[in-house]
Amino acid sequence: MRAAATLRTSWRERLFGTPTITVVTLLLAAAIAWVAVPIIRWTLIDATWSGQTRNDCTGTGACWVFVKARFSQFMYGFYPAEERWRPNLAGLAFALSGAAIVFAPQRLKLRLGLAALVILPPLGVWLLAGGFGLRAIETREWGGLMLTVFISIYASLIAIPLGILLALGRQSELKIIKLISVLFIEFWRGVPIIAVIFLASLLLPLIMPSGIGVDRLARAVIGLGFCIAAYMAEAVRGGLQALPKGQREAATALGLSYWKATWFIILPQALRISLPAITNEFIALVKNTTLVLVVSILDLLGIAQASLADPNWVGMNMEAYVFSGGLYWLICFALSRWSKSLERQR
Amino acid sequence: MSKVLAFINDKRVRDVFYQAALLIGLAALLVYFIRNASQNMVQAGIASGFDFLWRTSGIEVPFVLTNYTQSDNILSLFWAGVANTLLVTVIALVLATALGFLIGIARLSSIWLVQAIAGAYVEFVRNIPLLFFVLFWYFGVIAALPAPRESLSVFGVAFLNNRGLTIPLPDAGANFRYAFIAIAISCLLHWLFLRWARRRKEATGRDAPILRVGLVLLLLIPVLALAWATLATRWDIPVLRGFNYRGGFVVIPEFVALLAALVTYTAGFIAEIVRGGIQSVPHGQIEASGALGLRPGQTLRLVTIPQALRVMTPPMTNQYLNVLKNSSFGAAIAYPDVVSLFMGSALNNTGQAIEIIAMTLAVYLVIGLAVSAFMNWYNARIALVTR
């Protein structure tokens, strides 16, 4: 069992090594063909690719005209068409600074990263929401893939720093700080994220002084951020626990304070170890952003779901699901491959 | 002066100071939030306290296991929701574990194509949000099933259509109760027999017919008992009357969709745990047990599985708790679980957000803590005992 799983063998041996293997392979190949041929016919061969309206969907297969007609909605939701350069620009800014940090020389990386962390989040919110010279656009009009990316990034901006603090707190020698961290982590890990999103959308406006409203989308992002922070804390804890105790002891012996030792000695090593785990939590976060649907915020999946109700495009369920599911799959698969390659580098 | 400096620089003093500052800060924040909340609630005219639990609910629930009816109080509604959450969780756990083991073992198959299919399944399922699967099964698959008249028949007794799954229901449960008592007794007997056999083997070295006795006690008797109960009970088999089925029990489509989504999704994660667990057993262990003369079956049962289980238990616990938490995804398709009934409908009717949210979260925390405690006990039992 194991030998075959690890040894490199020729494809002929792997598929037709013994009579039993040959029979199973052939049977399975027939089963695959039986399932795959109709799917391929539906998605590619019999599909309709060109046209404008529902009436052009005459083929027996998928009608991708629907996706083409609604593509901009899948991407931006109801964001005004003439202002869509703003999310594009924000995305470009995030992507470029990410690339700049990755390819920068080692000694500049930290400074660049911190600068990006200070400048980019407010810049992104300003570009998307407007105000200060730009036309204000309410979060009600945001949606689609843009919103999925927005929630993922901003929730992890809350979750990663908070998670690191909680993980440090859990490792702390100070009893009360440790207790508070453990309680916080176990509470948020113990409750369903869907309930947390409900909770955030109901409680946040309640606990703020009257007159101060909290934006609907901000509530969902804060709820998700707190919840994911608890999971991030556990991911970071793995890295902290993997470090030999001598690292902190040596740092203390050299006269570094707790925070200096943490910042210069502990975290750089611990975060490198836990980066794959953090990436996995980020993938979970991307998947969990779909839950904002329950408070009627329409991210990519929400827009796909909402598009099923369009009377001009009746019966496009499969097309909407295949397109949105495929996009989610591509994003998460790419991220998980990246996380695996990080693991191998170690 | 130097005494004061020494006092400020004392690590113990500083530790106490920092912790006290954090506690006071958090307490102040909490008091601030509570004051705002009570002011806001007074302004909005929302009552507080748990009196609302004894009010008549008036909420109709399409799928109940308890005796709940619309005229019962809100507390009964809460329990009906909890029961529905537990029902879908338990069934999903069992099915997902079975499917997950199957796929996990398939990933280690010596046949390449089996490996590849299992691997493709895992990669497919793990990279798509669970909510996608829930919506897909509900709006994509169940809604596309034929109407009751053209139902898909399962052996002529159960019927699957776009209004759910209609299954036969026993008229009386007495026979099944006897059957379950018989099964419990034979399990107990089997446990006693194993103890006796082990003692005798340690004392005299003689083997007992473990396999044959085990087959009789664990397989033959349960199968016979269930077969007797099934045949001796009158069944209410659903029959098509007009546009829908009469008789039997209708499992609502929301349940079917949520269960299908939970099982197919969770199985992908369990498969990875199973694979990791089996692969974590060093190959030398299997070679060594072969060298000691153990047969392949014995090697699997006595060497591979106990060691793999030790690795698998903690992540499996996590997955089981995830299934419990993920059962709340039913709220998106209005499956009447505790989140959608209590945090949704009851909250809308009463407006008492804080009490209702606290009770709902408590359900998950209590069950979660109970499961973790049990799994920790189990984990400690099977953990490696070292000197």
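In which sense do strands β2 and β3 of chain B pair, and over how many bridges? The legends below start from that pair. This is a predicted model, where local features need pLDDT of at least 70 and side-chain atom pairs count only at pLDDT 80 or more, while totals for chains, interfaces and linings use all residues. Residues are numbered from 1 along each chain as its sequence is written, and chains are lettered from A and ligands numbered from 1 in the order in which they are written.

**View 1. Strands β2 and β3 of chain B, joined by a hairpin.** Strand β2(B) (residues 158-161) and strand β3(B) (residues 164-167) are antiparallel, with three bridges between them. Strands here are DSSP runs of E with at least two residues, helices are runs of H or I with at least four, and both are numbered from the N terminus. Two strands count as paired if DSSP finds at least two bridges between them. Look for Leu160(B), which stands opposite Leu165(B) in β3(B). The hairpin passes from β2(B) to β3(B) through two residues.

**View 2. The open sheet of chain B, in the order β1-β2-β3-β8.** Its four strands pair in the antiparallel sense. At the edges are β1(B) (152-154) and β8(B), each of which pairs on one side only. Ignoring direction, neighbouring strands are turned by 20 degrees against each other on average. As a reminder, strands of a sheet pair through backbone hydrogen bonds, either parallel or antiparallel.

**View 3. The two edge pairings of the sheet, β1(B) with β2(B) and β3(B) with β8(B).** Three bridges hold the antiparallel pair of β1(B) and β2(B), and Val154(B) has Ala158(B) as its bridge partner in β2(B). These two strands form a hairpin with three residues between them, and Phe155(B) in the turn has a positive phi of about 55 degrees. On the other side, β3(B) runs antiparallel to β8(B) (residues 249-251), again with three bridges. There, Ile167(B) is matched with Phe249(B), and Thr166(B) stands opposite Val250(B).

**View 4. Helix α6 of chain B and the residue just after it.** Helix α6(B) covers residues 174-204, 31 residues in total, and reaches 45 Å from its first C-alpha to its last. That is close to the expected 45 Å, where the expected span is 1.5 Å times one less than the number of residues. Just beyond the helix, Gly205(B) takes a positive phi of about 80 degrees.

**View 5. Helices α13 and α15 of chain A, packed against each other.** Helix α13(A) (residues 258-288) and helix α15(A) (residues 317-345) make an angle of about 170 degrees, with axes 9 Å apart. Axes are lines fitted to C-alpha atoms, for helices over the stretch in contact, and angles run from 0 to 180 degrees between N-to-C directions. The angle therefore makes α13(A) roughly antiparallel to α15(A), a label used for angles over 145 degrees. The contact includes Leu275(A), Phe282(A) and Val286(A) of α13(A), and Leu335(A), Trp338(A) and Leu342(A) of α15(A). By class, this contact has 10 nonpolar, four polar and two charged residues.

**View 6. The side of chain B that touches chain A.** Here 44 residues of chain B are in contact with 45 residues of chain A, contact meaning C-beta atoms, placed from the backbone, within 7 Å. Helices α2, α4, α5, α11 and α12 of chain B each supply at least two residues of this side. The largest share, 11 residues, comes from α2(B). This side of chain B has 29 nonpolar, 12 polar and three charged residues. Ala, Val, Leu, Ile, Met, Phe, Trp, Tyr, Cys and Pro count as nonpolar, Asp, Glu, Lys and Arg as charged, and the others, Gly among them, as polar.

Conventions
Contact = placed C-beta atoms within 7 Å. Parallel < 35°, antiparallel > 145°, perpendicular 65-115°, else oblique.
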